[in-house]
Amino acid sequence: METRLKQLRIEHSKTLAQIAKALNLTTSAYAHYEQGIREPNITTLIKIANYFDCSIDYLIGRENENGIVIIENSPKSQIEELYEKLNRQNKIMVIGYITALLQKQNNGEF
């Protein structure tokens, strides 16, 4: 997160003091966020995201500049692992079965 905060500050041509004042923080508190010494609480994260007009996910590095959420090294679910082992024909059958289940569910059949 500290990299993003510094990057945003530089992109907006602001000083630490200017941002801290706008967010009603001390300059040292904001500097600690930029340096990774401290983590802002959720209320402060929201203020920072609003100030820079970005998402909290972007601030904490879970989203890139194009709005794509990045989840690094996320373990695959058991379903994904099993599905990947299937051949093409069986994958098509699984998709058909799931589609049928969803239709029944949406029709209130279960």
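These are my notes on three helices in a predicted model.

**Helix α1**

I looked up Arg 9 and found it in α1, which runs over residues 2-11. Is Arg 9 buried or exposed? The relative accessible area of Arg 9 is 14%. Buried means under 20%, so Arg 9 counts as buried. I then listed what Arg 9 touches, leaving out neighbours within four places in sequence. The contacts of Arg 9 are Lys 14, Thr 15, Leu 16, Ile 19, Glu 34 and Phe 52.

**Helix α4**

I went next to α4, residues 42-52. Which residues of α4 are buried? I noted Thr 44, Leu 45, Ile 48, Ala 49 and Phe 52. These residues lie on the same side of α4, because the arc they cover around the axis is only 140°. Phe 52 is also on my list of contacts for Arg 9.

I checked both ends of α4. At the start, a side-chain oxygen of Asn 41 comes to within 3.1 Å of the backbone nitrogen of Thr 43. Just past the helix, Asp 53 has a positive phi of about 55°.

**Helix α7**

I checked the length of α7, which has 19 residues, 88-106. At 1.5 Å a residue the expected span is 27 Å, and the end C-alpha atoms are 27 Å apart, so the two agree.

What lies at the start of α7? There I found a side-chain oxygen of Asn 87 within 3.2 Å of the backbone nitrogen of Gln 89. Just after α7, I recorded a positive phi of about 75° for Gly 108.

Conventions:
Residues are numbered from 1 along each chain as its sequence is written. This is a predicted model: local features need pLDDT of at least 70, side-chain atom pairs count only at pLDDT 80 or more; totals for chains, interfaces and linings use all residues. Side-chain values use heavy atoms; hydrogens and water are left out. Helices (H or I, at least four residues) and strands (E, at least two) are DSSP runs, numbered from the N terminus. The expected span of a helix is 1.5 Å times one less than its number of residues. A polar contact is a pair of N or O atoms within 3.5 Å; within protein, one must be able to donate a hydrogen and the other to accept it, and residues adjacent in sequence count only if both atoms are side-chain atoms. Buried means under 20% relative accessible area, exposed over 50%, partly exposed in between (1.4 Å probe, protein chains only). The arc is that of the directions from the helix axis to the C-beta atoms. Contact means heavy atoms within 4.5 Å.
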